[in-house]
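Welcome! Here is a short tour for anyone meeting this structure for the first time. Take a look at the sequence and the model, then read on.

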Amino acid sequence: MATQITGYKSKAVAAAVALVNAVTTAEGDDSEDALREILRANEFFWRQLESGDVEALREWGRTLRPFFEAEELVDAAELLNGLMLRIPMHPHISNHEPHGVHMHYAPPSSRLPDRFRAATLMKLSELVCQYGLGRTGVCAADGCDNVYADTSKAGRRRFCSEACANRTNVAAFRARKRTVPDKAGQEPGTSHG
């Protein structure tokens, strides 16, 4: 049975997030090897990445960052619509392993960067059409500038990773604990002495 890659749950959404984080964040790694790994992990034809393609992918990551930072749907839609006018598109049905029959969005003769741009652009657009901006953003953890896209059923994600969510929750718990008076009714840190 072919892997389902239709709809917003395509690996193109995860690939877009990984690329933006690799290229635009303080902790990101936008080396050729790191970009090749993003392509491989998200089932793009990573072996087709040539050294001359690397800067095109980096530029695409920088181009997509404002989408994840958008706070208004109209701004995100304007950005995506503008990109759809610029990026070569030619939707067509393809049939190859490991996916079986599925959609491609760039012209069949396109190089890898154009195929990557078209696929990520279309899948992010589908995500917005289905859920608005409630599933994308910049991590809510202090000091983290990673972006995220939530493709879970619940759609409540606000952090780029479990580590950021846990760190934020522990800090909030400790802050609440410091502000709650102890059993004797005195403020934390005071003594009877």
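A good place to start is phenylalanine 67: beyond its neighbours within four places in sequence, phenylalanine 67 is in contact with Ala76, Leu79, Leu80, Leu124, Val128, Leu133 and Thr136. Please keep in mind that this is a predicted model. The chain has an average pLDDT of 84, and 83% of the residues score at least 70.

**The nonpolar cores**

- The largest nonpolar core holds 38 residues, and those touching the most other members are Trp60, Leu64, Phe67, Phe68 and Phe116.
- Two or more residues of this core come from each of helix 1 (11-24), helix 2 (32-41), helix 3 (54-69), helix 4 (73-86), helix 5 (112-131) and strand 4 (147-149).
- Helix 1 is the biggest giver, with nine residues in this core.
- Apart from this core lies another one, of seven residues, including Cys139, Ala141, Cys160 and Cys164.
- In soluble globular proteins, nonpolar side chains tend to be buried together.

**The two sides of helix 4**

- With 14 residues, helix 4 reaches 20 Å from its first C-alpha to its last, close to the 20 Å expected at 1.5 Å a residue.
- Ala76, Leu80 and Leu83 are the ones to look for as buried residues in helix 4.
- These buried residues lie on the same side of helix 4, because they cover an arc of only 60° around the axis.
- Val74, Glu78, Leu85 and Arg86 are exposed on the other side of helix 4.
- Helix 3 and helix 5 are among what covers the buried residues of helix 4.

**Salt bridges**

- The model's salt bridges come to twelve.
- One of them pairs glutamate 43 with lysine 11, with the closest N and O atoms 3.7 Å apart.
- That pair links distant parts of the chain, since glutamate 43 sits in the loop between helix 2 and helix 3 while lysine 11 is in helix 1, 32 residues apart.
- Arginine 36 and glutamate 32 also form a salt bridge, their closest N and O atoms being 2.7 Å apart.
- Arginine 36 and glutamate 32 are separated by about one helical turn, because they are four residues apart in helix 2.
- Glutamate 50 and arginine 111 meet through their side chains in another salt bridge (3.2 Å, N to O).
- Asp30, Glu55, Arg58, Glu59 and Arg62 are joined into one network by salt bridges that share partners.

**Where to be careful**

- Over residues 1-8 the pLDDT stays under 50, and the model has 20 contacts beyond four places in sequence for this stretch.

Notes:
Residues are numbered from 1 along each chain as its sequence is written. This is a predicted model: local features need pLDDT of at least 70, side-chain atom pairs count only at pLDDT 80 or more; totals for chains, interfaces and linings use all residues. Side-chain values use heavy atoms; hydrogens and water are left out. A nonpolar core is a set of buried Ala, Val, Leu, Ile, Met, Phe, Trp, Tyr and Cys residues joined through side-chain atoms within 4.5 Å. Buried means under 20% relative accessible area, exposed over 50%, partly exposed in between (1.4 Å probe, protein chains only). Contact means heavy atoms within 4.5 Å. The expected span of a helix is 1.5 Å times one less than its number of residues. The arc is that of the directions from the helix axis to the C-beta atoms. pLDDT is the predictor's confidence in each residue, from 0 to 100. A salt bridge is a side-chain nitrogen of Lys or Arg within 4 Å of a carboxyl oxygen of Asp or Glu.
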